[in-house]
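I opened this notebook to keep track of what I looked up, one topic at a time.

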Amino acid sequence: MGSVKDYFSSLGKGVASLVKGLEVTGKEFVTPKITERYPENRDTMHIAQRFRATLELIYDAEGNHRCIACGTCERNCPNGTITVETKIVDTWDGKKKKKLDRYVYDLGSCTFCQLCVVTCPTNALTFSNDFEQAVFTREKLVKQLNYLPEKPEPKPTPEQIAKLEAEKQAKIEAAKAAAAAKKAAAQPAAPSASSDDDKAAKALAAAGNDPEKQPKIKAALEKAAKLKAEREAAKASGADKGGAAQ
Ligand code: SF4
Ligand code: SF4
């Protein structure tokens, strides 16, 4: 009899223990969670803005970045993490311009020191706090940061075209003036005695056989010669008088 009584006593204790355990389990089941678990809370979890997960080029709303391909970040990176590949393009005003071709970043060798970000002269870089960067191979950690298609070079405005044309014209005029001045400086001074005769001969030649112009030109030339002779005579007589007075 004793063993039957012990059996039921033990059974009762076991059931009571089970009920107590279920009571604790049930209570925890309906208690709100304290510890959050990833990845169920991926959409709601908070990552601090200052957390540095991966380097990014900043794109604006129009899809433009500010990198001018100067290479400062590449030179300042202590780990050789950045490779800036450049290319030369022609601009509308006929000049050459260096542009970014590929911005290559190796997340696997980055130590998140942020030297690249703080030394960039155009503030083209930032660190994203997107921490989900796990991949299966190291090659996948090497990324091209300029991922959007490149936009064509901007077209010139009418004002820019007009300004360019004006500048071109001014250069042409300046070159012509310089050439003329150089030519004049290289020519020997023409003898003054014959210059009047040359002018007269040129004027007559220009008049050709025009019966109206020929006599007029001849008269004008004779008048000019006469006036010149009178001036020279007056000059000579003035010089003689001056000499006698002395
Ligand atoms: S990201 Fe900045 S520092 Fe680096 S090449 Fe571009 S402009 Fe220069
Ligand atoms: S954070 Fe530092 S290590 Fe990483 S790319 Fe920039 S300069 Fe290089």
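These entries cover the ligand shells, the core and one helix.

I note that this is a predicted model, where local features need pLDDT of at least 70 and side-chain atom pairs count only at pLDDT 80 or more, while totals for chains, interfaces and linings use all residues. Residues are numbered from 1 along each chain as its sequence is written, and chains are lettered from A and ligands numbered from 1 in the order in which they are written.

I looked up ligand 1 and found 13 residues around it, with Cys67, Cys70, Thr72, Cys73 and Cys120 the closest (a residue is near if its C-beta atom, placed from the backbone, lies within 6 Å). Its shell has 10 nonpolar, three polar and no charged residues, where Ala, Val, Leu, Ile, Met, Phe, Trp, Tyr, Cys and Pro count as nonpolar, Asp, Glu, Lys and Arg as charged, and the others, Gly among them, as polar.

For ligand 2 I found 14 residues, of which Cys77, Thr81, Cys110, Cys113 and Cys116 come nearest; nine in this shell are nonpolar, five polar and none charged.

I then turned to the largest nonpolar core (buried Ala, Val, Leu, Ile, Met, Phe, Trp, Tyr and Cys residues joined through C-beta atoms within 7 Å; buried means 20 or more other C-beta atoms within 10 Å of a residue's own). Among its 14 residues, Leu55, Cys73, Ile82, Cys116 and Leu125 touch the most other members.

Lastly I checked helix H4, residues 158-186 (helices are DSSP runs of H or I, at least four residues, numbered from the N terminus), and zero of its 29 residues are buried.

How values were computed. A residue is buried if 20 or more other C-beta atoms lie within 10 Å of its own, exposed if 12 or fewer, and partly exposed in between; C-beta atoms are placed from the backbone. Helices (H or I, at least four residues) and strands (E, at least two) are DSSP runs, numbered from the N terminus.
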